[in-house]
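Trainee: I am new to this structure and should like to learn how to read its features. May we go through them one at a time?

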Amino acid sequence: MEFLNVLEMDIKINGIDCTELSPIGKKPEHAIVFYHGFTSSREKAMFRGKIFASLGYYVLMVEQMGHGTRSDEFKIGDFSITPDGGLFEIVIKSISESPSIINYICEKKGFNANNLVIAGHSMGSMVAAGIFVKNPFGSLLCFNGALDYNGLINRLNRGRLKNDEAALELKNTLRYYNPAGFLSKLENRPICIIDGDKDPVIPTEINKEVIHVLKPFYNNKNLLEYNVITNASHKMTTESIAIAVNFLESEDVKNYGKQNK
């Protein structure tokens, strides 16, 4: 579907395939970096990005290793609980690549770091949260993802995988990346998490536990928003996008950005 008010351009940033989405006729103040989910691609997620762009945001859609135009870099399979393959290796790779993405947004495009929004769906949400804890600026949007990587590993291990030794090894590998292990770097920063109560992949309990621990440390509770959409599954919908935009446009989030410039 074509959005008449959005300019689309494919680019490479340090060898990473990306797509820029820019609103036509308006100079955006905020930039959204968006990471797609596991087995998806930036092309499949493009419609979502164009919705944000049509609302006045500059959006950078990032292709992740093993997906879309980067499918030849890595062969993805089912969820893996081994440290050297599958979903979690892609998460680590995308987090490791992120300095080039952020530098492009702030240095080349000229956006203020505090007006940067790191966002993603599912696996992309996990990547976004991992990037967010490593950078002391901007806002975070998580759609159907897990803030606690260990919580997802435990769920996979209790299910079909049942490999305690591999699960422990993976947790050790991820200890420098798991957002739930660095809650002090999340507190008092704008975070909006959106889950579905019927999500068969990421149960709400994983994020609820993190929010329960994190919320008391917030001076302004409005900067941390957790939403569970009724009868919603593992999908990013127009309703969840509307919730995210309302959060970004709220006075508390806007004032946070101004105060931290």
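Trainee: Which residues in H1 meet H7?

Mentor: Please keep in mind that this is a predicted model. Arg48, Ile51 and Phe52 are the residues of H1 in this contact, and they meet Thr238, Ile241 and Val245 in H7. By class, the contact holds 4 nonpolar, 1 polar and 1 charged residues.

Trainee: How is the packing of two helices described?

Mentor: In general, the angle between the two axes and the distance between them describe the packing. Here, helix H1 (residues 46-54) and helix H7 (residues 238-248) pack at an angle of about 35°, and their axes are 11 Å apart. The crossing of H1 and H7 is right-handed.

Trainee: Let us turn to the sheet. In what order do the 8 strands lie?

Mentor: As a general idea, strands of a sheet pair through backbone hydrogen bonds, and the pairing is either parallel or antiparallel. In this structure the 8 strands form an open sheet with mixed pairing, and the order is S1-S2-S4-S3-S5-S6-S7-S8. At the edges are S1 (6-13) and S8 (224-229), each of which pairs on one side only. From one strand to the next, the twist averages 15°.

Trainee: Where does H1 touch the sheet?

Mentor: H1 packs on the sheet and touches S1, S2 (16-23), S3, S4, S5 and S6 (139-143). The direction of H1 makes about 35° with that of S2.

Trainee: Is strand S3 mostly covered or mostly exposed?

Mentor: To judge this, one asks how many residues of the strand are buried, that is, under 20% relative accessible area. S3 (residues 31-35) is mostly covered, with 5 of its 5 residues buried. Both of its faces are covered: Ala31, Val33 and Tyr35 lie on one side, and Ile32 and Phe34 on the other.

Trainee: With which strands does S3 pair, and in what sense?

Mentor: S3 pairs in the parallel sense with S4 (residues 58-62) over 5 bridges, and Val33 has Leu60 in S4 as its bridge partner. S3 also runs parallel to S5 (residues 116-121), to which 5 bridges join it; there, Ile32 has Val117 as its bridge partner. Together with H1, the strands S3 and S4 make a right-handed β-α-β unit.

Trainee: How many bridges pair S7 with S8?

Mentor: S7 and S8 pair over 6 bridges, in the parallel sense. In this pair, Ile193 stands opposite Tyr226 in S8.

Trainee: Which residue in the loop between S3 and H1 deserves a look at its backbone angles?

Mentor: Thr39 is found in that loop. Its phi is positive, about 70°, although Thr39 is not a glycine. Asn188, in the loop between H5 (164-173) and S7 (191-196), also has a positive phi, near 65°, and is a residue other than glycine.

Trainee: Why does Thr39 count as partly exposed?

Mentor: Thr39 counts as partly exposed because its relative accessibility is 46%, and the partly exposed class lies between 20% and 50%. Asn188 is also partly exposed, because its relative accessibility is 23%.

Trainee: What can be said of Lys258 in H8?

Mentor: Lys258 lies in helix H8 (residues 251-259) and counts as exposed because its relative accessibility is 58%. Distance in sequence and distance in space are read separately. Lys258 and Asn115 are 143 residues apart in sequence, and their C-alpha atoms are 9.0 Å apart in space.

Definitions and conventions: Residues numbered from 1 in each chain as written. Predicted model: local features only at pLDDT ≥ 70, side-chain atom pairs only at ≥ 80, totals over all residues. Heavy atoms only, no water. Buried < 20%, exposed > 50% of the residue type's maximum accessible area, 1.4 Å probe, protein only. Helix = DSSP H or I, 4+ residues; strand = E, 2+ residues; numbered from the N terminus. Pairing = 2+ DSSP bridges. Right-handed = clockwise from strand over helix to strand, strands pointing away. Axes fitted to C-alpha atoms, helices over the stretch in contact; angles between N-to-C directions. Left-handed = near helix turned anticlockwise from the far one by under 90°. Contact = heavy atoms within 4.5 Å. Nonpolar A, V, L, I, M, F, W, Y, C, P; charged D, E, K, R; others polar.
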